[in-house]
Amino acid sequence: MLAVTYAIFSARFGKNIYAYPLYLLSGIIMVNFFINTTFYVMKSFYEALPMMLNTTVRREVILVSHIPIPLYKFLIELLFCVALSVFYGRFSPTMVLLGLPIIASFTAFILGVSLLLALLFCFARDVEHLWMLISRVLLFISPIFYELKDISSWARKFVYFGNPLTPFVISLRELLMGRFDAASYAYSLFLGVFFLALGYWAFCRLEDTAVERA
Amino acid sequence: MNENAIIAENVSKHFFILRHRETAFRVIKALLHKEPLMKKLRVLHNISVTIKQGERVAVVGNNGAGKTTLLRLMAGIYKPTTGLIRTGSEPKVLLNFWTGFNNDLSVIDNVYLRGAIVGGERKALTHDMKVILEMAGLATFMYSPLKRLSMGQIQRLSLSVFLNTPGDFLILDECLAFVDKGFIIKSDAAIREKITGGKTIIMASHDGEFLARHCPRAIWLDEGRIRMDGDCRRVICEYERSVAGQAAK
């Protein structure tokens, strides 16, 4: 996928971007991790219904247990990014230390969004199809192929503040490029905590109703 | 509360069943137009019951009488719509026998999986593995994939794991639906040994004989209400007479 995307976009968008393969790959794996995990966890509440109705295992444990496999795949893919970072001479040990909170925050963000989607899925099945459309839109409004400075100032604000994936993509990618974007970094940590708290709060309030409605 | 395992006071449970197919657009339309998307279904009506610690209670009733819903309420899986349920300790439940099993894994791996769900620790399960498999009559199948077993064998395994993991408050629903009479007779003593000794047991079944052998008290549920509560043999006798009377009509 990286090769195809690189072949298509490098001439148009990647001309002025240093280490474009690393730029592309880091964005692609982050957005993929988000989309795949939210889809996987969204249906898990419904699919694990027999377990929820017939055992006393805590429901959030059942949902959280769906996170480690996609996370593991994401971390493996991230190793390729680190290898590219080494190849371009951008790697530093500090980047690993600064990257860990971002990965934790990104996982928390994904879990929070997934909890919200899993609840919604119990109330309306077509949420799955709606989310498929929304996630495609998110893919294109994330700065994966292009840089924020290449788009209009209105679009830039929309992509940065309207799409919660953007600060995560920027902050982790900047670290892989050997740079540090403090604003995006702080914004990412805030978003991770905020979405996890929101998702868990909604889950605690609605889990009983969702189990009966699913 | 110390002496009581469960106190249920005027417990009612309603469910909402769909009037239409549920989609996001219908949900939004229903919210905007204030049209009810669901209709109410009353499953349990004003149930009041107290079960003391160490008591063994059978729950009988026709299909749809509310037995499983009552057991789920007692287990804390459902919350009552109205009324209050207080439990002394967290129960260990066996409400269906296939939950937590994986068809592609071996019998021995499934013992660990199922054991984890009912609160067993890996070390203790490894220690008790021989006893669990022997009680289920599956000692020779330990490395076979679960999909090679019959429904009855899987239920025997599920029951064996359940009875051989720690717990003083047990809730069981139709735990013998698929097992043969031979297994029931053979394991009767083992079951008696496991479920006695101060344990609180609540079990629902359509096997009146089995219930009468193990439980001194029974509750008969009829259309979501308690119709009779008392001596197990007497309640089951009345229940079976009522079922025979309905069948004769």
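Which are the buried residues of helix 4 of chain B? Before I answer, please keep in mind that what we are looking at is a predicted model. In that model the buried residues of this helix are Leu125(B), Ile132(B), Leu133(B), Met135(B) and Ala136(B), and I would like to start from them and then move outwards to the rest of the chain, to the interface, and finally to chain A.

Helix 4 of chain B covers residues 122-136, and its axis comes within 8 Å of the axis of helix 5 of chain B, residues 151-163, the two crossing at roughly 140°. An angle over 145 degrees would have counted as roughly antiparallel, and helix 4 and helix 5 of chain B are therefore classed as oblique to each other. The crossing of these two helices is right-handed. From helix 4 of chain B the contact draws on Ile132(B), Met135(B) and Ala136(B), while helix 5 of chain B contributes Arg156(B), Leu157(B), Ser160(B) and Val161(B). Sorted by class, those contact residues are five nonpolar, one polar and one charged. Ile132(B), Met135(B) and Ala136(B), which I have just named in the contact, also appear among the buried residues of helix 4 of chain B.

Two further details belong to this helix. Helix 4 of chain B bends by about 60° at Asp128(B), and the residue that follows the helix, Gly137(B), has a positive phi, near 70°.

Stepping back to chain B as a whole, we find eight helices and nine strands, in a chain of 249 residues of which 37% are buried. The C-alpha trace of chain B spans about 60 × 50 × 45 Å along its principal axes. If we take the contacts in chain B between residues at least 6 apart in sequence, 73% of them join residues at least 24 apart.

Now to where the two chains meet. The contact between them takes 15 residues from chain A and 17 residues from chain B. On the chain A side, helix 3 (49-54), helix 7 (127-140) and helix 10 (182-213) each supply at least two residues, and the largest share, four residues, comes from helix 3 of chain A. The chain A residues that touch chain B divide into eight nonpolar, three polar and four charged.

Within chain A there is another helix pair to set beside the one I began with. Helix 2 of chain A, residues 20-47, packs against helix 6 of chain A, residues 93-123, at an angle of about 40° and with the axes 8 Å apart, and that angle makes helix 2 of chain A oblique to helix 6 of chain A. Helix 2 of chain A passes helix 6 of chain A in a right-handed crossing. Among the residues that meet here are Phe34(A), Val41(A) and Phe45(A) from helix 2 of chain A, and Ile110(A), Leu117(A) and Phe121(A) from helix 6 of chain A. By class this contact has 11 nonpolar, four polar and one charged residues.

I will finish with a single residue, Thr166(A), which sits in helix 9 of chain A, residues 165-176. Is Thr166(A) buried or exposed? Thr166(A) counts as buried because 25 C-beta neighbours lie inside 10 Å. Beyond its neighbours within four places in sequence, Thr166(A) is in contact with Ser142(A), Pro143(A), Val159(A) and Tyr160(A). Tyr72(A), by comparison, is 94 residues away from Thr166(A) in sequence and 22 Å away in space, C-alpha to C-alpha.

Note on methods: Residues are numbered from 1 along each chain as its sequence is written. Chains are lettered from A and ligands numbered from 1 in the order in which they are written. This is a predicted model: local features need pLDDT of at least 70, side-chain atom pairs count only at pLDDT 80 or more; totals for chains, interfaces and linings use all residues. Axes are lines fitted to C-alpha atoms, for helices over the stretch in contact, and angles run from 0 to 180 degrees between N-to-C directions. Angles under 35 degrees count as roughly parallel, over 145 as roughly antiparallel, 65 to 115 as roughly perpendicular and the rest as oblique. A crossing is left-handed if the near helix is turned anticlockwise from the far one by less than a right angle, and right-handed if clockwise. Two residues are in contact if their C-beta atoms, placed from the backbone, lie within 7 Å. Ala, Val, Leu, Ile, Met, Phe, Trp, Tyr, Cys and Pro count as nonpolar, Asp, Glu, Lys and Arg as charged, and the others, Gly among them, as polar. The bend at a residue is the angle between axes fitted to the seven residues ending there and the seven starting there. A residue is buried if 20 or more other C-beta atoms lie within 10 Å of its own, exposed if 12 or fewer, and partly exposed in between; C-beta atoms are placed from the backbone.
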